[in-house]
Amino acid sequence: MANITAGVATSHVPLVGVAVDKGMTQEEYFSPLFDGFEKSKQWIAEQDPDVVILVYNDHASAFSLELIPTFALGCAAKYAIADEGWGARPVPEVIGHPQLAWHIAQSVILDEFDLTIVNKMEVDHGLTVPLSLMFGQPDAWPCPVIPLAVNVIQFPPPTGNRCFQLGRAIRKAVQSFPEDLKVVVFGTGGMSHQLQGPRNGIINQAFDKFYLDNIGPNPDSLIAIDHERYLREAGSEGIELVMWLIMRGALSDDLEEVHRLYHVPVSNTAFGHLILEDKSD
Ligand code: DHB
Ligand code: FE
């Protein structure tokens, strides 16, 4: 039986990818962040997952305003790295896990989550920056990755509750996969930030702390946050945090927080990171 052993939450700031690619991680601006991920890299090397399910959002790389799937599950064998305007990041291509991905599609669609199935797509910083932070700069990513892209770009994005329930359905799907696989779920994006308009640059440390404190022990308090409150308290891009709730929904309530990092600012963003081990097995 496949099993979800942990959840990882992390912001996906594109400048972090630039810092990795240009060898700037030990510069004063970036070193607190990258030093904070040393423990995470060690932890994931010890976990040695067979598959990562990576919940992220595309930033008009694979999709555009012409086509806006709410939830799009990658069932492909591999994913090329997107050129976001300054050349594709020099990171390995992403290898998928079609067998588990199709199994998840089958299970969650029959559980009435009407996913979009994707057989070809390029992946952008939303997916590659979390991989770089957790795995560093290997010649090949150490395990297959199943991308789950969520629309948090064009209103209306899915609700926090819908995301949490989808996470629950993914947990059920993974646990009914016959092969013994250790699966780690990444929930990415956030924390508070806004990239446009008069409130450009807002960061709300109290809101972010509330989110970090509650996602493990009290996710109900976060599921209840509506879109207007995300916008008001966490800025327009703060809505990316609903993706953390898919990760949380995929875990049990028997959790241990093994690592936390919060650093402000990274680029325009409050950077948050958590590792939650699932002890239910
Ligand atoms: C920034 C953050 C994001 O989440 C993003 O997608 C693009 C830019 C930033 O802080 O610069
Ligand atoms: Fe983003």
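In this predicted model, Ser 132 counts as buried because its relative accessibility is 4%, a value that falls under the 20% cut-off for burial. The residue lies in helix α5, and its side chain is joined to that of Arg 89 by a polar contact of 2.9 Å. Apart from residues up to four places away in sequence, the residues touched by Ser 132 are Val 20, Arg 89, Val 91 and Trp 141, so that Arg 89 appears both among these contacts and as the polar partner of the serine side chain.

Helix α5, spanning residues 125–135, also belongs to the surroundings of helix α3, being among the elements that cover the buried residues of α3. Within α3, which comprises residues 38–47, the buried positions are Ser 40, Trp 43, Ile 44 and Gln 47. These residues lie on the same side of α3, because the arc they cover around the axis is only 95 degrees. The face turned away from this buried side carries Gln 42, Ala 45 and Glu 46, which are exposed. Besides α5, the cover over the buried residues includes helix α2 (31–36) together with the strands β1 (3–10), β9 (182–188), β10 (255–266) and β11 (269–278). After α3 comes Asp 48, for which phi is positive, near 50 degrees.

A further helix, α4, consists of 13 residues, 98–110, and its end C-alpha atoms are 18 Å apart, which agrees with the 18 Å that a helix of this number of residues should span at 1.5 Å a residue. The buried residues of α4 are Leu 100, Ala 101, Ile 104, Ala 105, Ser 107 and Val 108, and they pack against helix α6 (160–175) as well as the strands β2 (51–56), β3 (71–74), β6 (116–118), β8 (145–150) and β9. Strand β9 is thus in contact with buried residues of α4 and is also included in the cover of those of α3. Just after α4, a positive phi of about 80 degrees is found at Glu 112.

Strands β5, β4 and β7 form an open sheet of 3 strands in the order β5-β4-β7, and the pairing within this sheet is mixed. Since β5 (94–95) and β7 (122–123) stand at the edges and each has a single partner strand, one side of each is left without a neighbour in the sheet. Strand β4, residues 78–81, pairs with β7 in the parallel sense over 2 bridges, and Ile 81 stands opposite Val 123 of β7.

Terms used. Residues numbered from 1 in each chain as written. Chains lettered and ligands numbered in written order. Predicted model: local features only at pLDDT ≥ 70, side-chain atom pairs only at ≥ 80, totals over all residues. Heavy atoms only, no water. Buried < 20%, exposed > 50% of the residue type's maximum accessible area, 1.4 Å probe, protein only. Helix = DSSP H or I, 4+ residues; strand = E, 2+ residues; numbered from the N terminus. Arc of directions from axis to C-beta. Contact = heavy atoms within 4.5 Å. Polar contact = N/O pair within 3.5 Å; in protein donor to acceptor, adjacent residues only side chain to side chain. Expected span 1.5 Å × (residues − 1). Pairing = 2+ DSSP bridges.
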